[in-house]
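Me: I want to learn how to read cysteines, a helix face and a surface patch in a model. Take me through them one at a time.

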Amino acid sequence: MPSYSEVRKSNHFYYFIKFTLNVYSMLFSLMGLCVLCVGVYAEVERQKNRTLEGLFLAPAVVLILLGLVMFTVSVVGMVGSLRDNKTLLHMFLCVLCVLLLLQAITLAMALIFEKKTVALFQSTIREGIKHYYDDLDFKNILDYVQTKFSCCGGDEYKDWGVNQYHFCNGTGPLACGVPYTCCVQRKLGEVINTFCGYNTLNEQRETLHEVIHVRGCIHAVNLWMSDNIGITIALCCAIGLPQLLGIVLSCVFWNLLVDMSESADMVDFKLKKKEIDYSELDLSGAGWCLCLPRDGGYLPVPAAEPELDPIDVHLEKLKKQPPRTHSQLRELQQSRSASGLDEVDAGRKQKRDH
């Protein structure tokens, strides 16, 4: 079985890493574009009745930022892998590493400072409850969470007292009550009484277990995550592993390009450095991007000069020398007699010594 160092030198390995990274980047760029379009559409609709300014309270803003980051980073990786551009690949690798590191740090900080994290979510949800009927995005999200996790409010059901329609000093039909999504559903599929939470904020928790859910959604979600630790880990892996895969692919491909750029086989890396015109080369097999390698390379290799015999070398030198006078020939004869070797013999002796 061939070793990794031998496999990575083959063209098949190059093609596999190149197009795997390209497909990976293309898929995430399409996903980012879809998320961006949904976020823009949601933000346009939200601007019609804009009341919430907080980042956590504006899902459309979160979607726009997420989609923009995904699309931009993925396009950089896609172009870098397609064009074998080391600068773009290095940028793509660094951004992925920074994003993954920030997510890990955020998760660690949230676990370490759990009380402060819970307090942040409580204040955020209470602020959203104040404008519950003014922002349909937040209303739909909170209604889904309250129904899915059988909870009410952020910290507890009394959080609904901050809403102008639900606080107990009001005079409307919702005064001192909670939305119907907080109510306990006794039978699956039964018709829901939208006023089932009427006048429940004045009651104690012990008397409301059969009427509404008294547990806050923050505690309900934490409890669900603790009870379903496998699903929680799977969700974290679903977020982190694709990013880790992109880091591994881009790192391997970038190192592969660094090694290939040190040889004379890559079209993009070497042609301009050697000042060779494209029209002078046979670039068949380089592809439309002029970036695919080929066995033997694309650059012309100069033919090795044949090794000449010392006698031929001496004759070539004699042809290039100007004519000698009688005095010069006499001096040359005397020097040869003193050394005992002529130029041919001296060349042969030097060759044997080497």
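Me: Why is the sulfur of cysteine 251 in no bond with the closest cysteine sulfur?

Reply: A disulfide is a covalent bond between the sulfur atoms of two cysteines. Here the test is a pair of cysteine sulfur atoms within 2.5 Å. The closest cysteine sulfur to that of cysteine 251 is in cysteine 97, 7.8 Å away, which is too far for a bond. Keep in mind that this is a predicted model: local features need pLDDT of at least 70, side-chain atom pairs count only at pLDDT 80 or more, and totals for chains, interfaces and linings use all residues. Residues are numbered from 1 along each chain as its sequence is written, and side-chain values use heavy atoms, with hydrogens and water left out.

Me: Is cysteine 251 buried or partly exposed?

Reply: Read the relative accessible area: buried is under 20%, exposed is over 50%, and partly exposed lies in between (1.4 Å probe, protein chains only). Cysteine 251 has 32%, so it counts as partly exposed.

Me: How many disulfides does the rule give?

Reply: The count is 4. One of them joins cysteine 151 to cysteine 217, S to S 2.1 Å. Cysteine 151 lies in the loop between α6 and α7 and cysteine 217 in helix α7, so the pair ties together parts 66 residues apart in sequence. Helices are DSSP runs (H or I, at least four residues), numbered from the N terminus. The link is right-handed, with 85° about the S-S bond. Both cysteine 151 and cysteine 217 are buried.

Me: What about cysteine 168 and cysteine 176?

Reply: Their sulfur atoms are 2.1 Å apart, and they form a disulfide. Cysteine 168 is partly exposed at 36%, whereas cysteine 176 is buried at 4%.

Me: How do I read a helix face, and which residues of α7 are buried?

Reply: An α-helix has 3.6 residues a turn, so residues three or four places apart point the same way. In α7 (residues 217-227), Cys217, Ile218 and Ala220 are buried. Down the axis of α7, the buried residues fall within an arc of 165°, so they line one face. That arc uses the directions from the helix axis to the C-beta atoms. The buried residues pack against α5 (114-130) and α6 (136-148), with contact meaning heavy atoms within 4.5 Å. On the other side of α7, Ser226 and Asp227 are exposed.

Me: Where is methionine 109, and how exposed is it?

Reply: Methionine 109 sits in helix α4 (residues 86-112). Its relative accessible area is 43%, so it is partly exposed.

Terms used. Helix = DSSP H or I, 4+ residues; strand = E, 2+ residues; numbered from the N terminus.
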